[in-house]
Amino acid sequence: MKGPFQPDAYFARISDIHVQRDLQDRGIATVLLDIDNTLRSRADGEVPADARRWLRACKEAGVGVCLLSNNWHGNVFDLAEELDLPIVAKAMKPLPSGYIVALRNMHARARTTVVVGDQLFTDIVGAKALGIHTYMVAPLGEVDLPHMAALRHVERALVGNA
């Protein structure tokens with residue numbers, strides 16, 4: 001595993017993560033998936049068709065997926081229900097508690113799990129601290145929360161030097 005500011009792999013979108021090659025062949029049985037700007041755009045709240053196909057491919061392959069989000073609004077629970085996925089909301093990433101709850105809920109182990117997210121300081125750093133594999137994706141949209149927009153500049157500098 002790489003350092004705390006270096007994801008194990010980078011992808012443009014979650015649909016670029018090949019279920020067989022990038023998950024199963026690497027011993028990954030569980031995905032903890034960020035929602036905002038990873039699975040759905042914060043700009044329009046929509047889950048793109050390619051992301052929905054990717055989720056179906058995970059399910060068909062027997063790869064477990066759990067939504068893991070710092071968001072606590074009702075719409076994340078509605079999304080989880082719509083997609084028929086378990087969710088850990090108000091996860092407080094990068095603190096360990098949300099990741100640990102998600103691992104427990106999924107009956108998963110850190111070494112066979114990957115966190116997929118678009119934010120270095122929440123998704124990636126938090127997972128790395130627990131020894132969970134990490135895949136970073138480019139954000140789906142430019143719309144971000146004000147505090148995250150500021151952190152994106154630091155992320156770009158760190159990721160660019162990785």
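**Exercise 1.** Work out whether Cys 66 is buried or exposed.

*Solution.* Start with the cut-offs: buried means under 20% relative accessible area, exposed over 50%, and partly exposed in between (1.4 Å probe, protein chains only). Cys 66 has a relative accessible area of 0%, so it's buried. Try Cys 58 next: its value is 0%, so Cys 58 is buried as well.

A quick note on the model: it's predicted, so local features need pLDDT of at least 70 and side-chain atom pairs count only at pLDDT 80 or more, while totals for chains, interfaces and linings use all residues. Residues are numbered from 1 along each chain as its sequence is written, and side-chain values use heavy atoms, leaving out hydrogens and water.

**Exercise 2.** Find how many disulfides there are.

*Solution.* Look for a pair of cysteine sulfur atoms within 2.5 Å, the rule for a disulfide. Count them up and you get zero disulfides.

**Exercise 3.** Check the length of helix H2, residues 49-61, and find which of its residues are buried.

*Solution.* First, helices are DSSP runs (H or I, at least four residues), numbered from the N terminus. The expected span is 1.5 Å times one less than the number of residues. For the 13 residues of H2 that should come to 18 Å, and the end C-alpha atoms are indeed 18 Å apart.

Next, the buried ones: Asp 50, Ala 51, Trp 54, Leu 55 and Cys 58. They cover an arc of only 145 degrees (taken from the directions from the helix axis to the C-beta atoms), so they sit on the same side of H2. Finally, turn to the face away from that buried side: it carries the exposed residues Lys 59 and Glu 60.

Notes. Helices (H or I, at least four residues) and strands (E, at least two) are DSSP runs, numbered from the N terminus.
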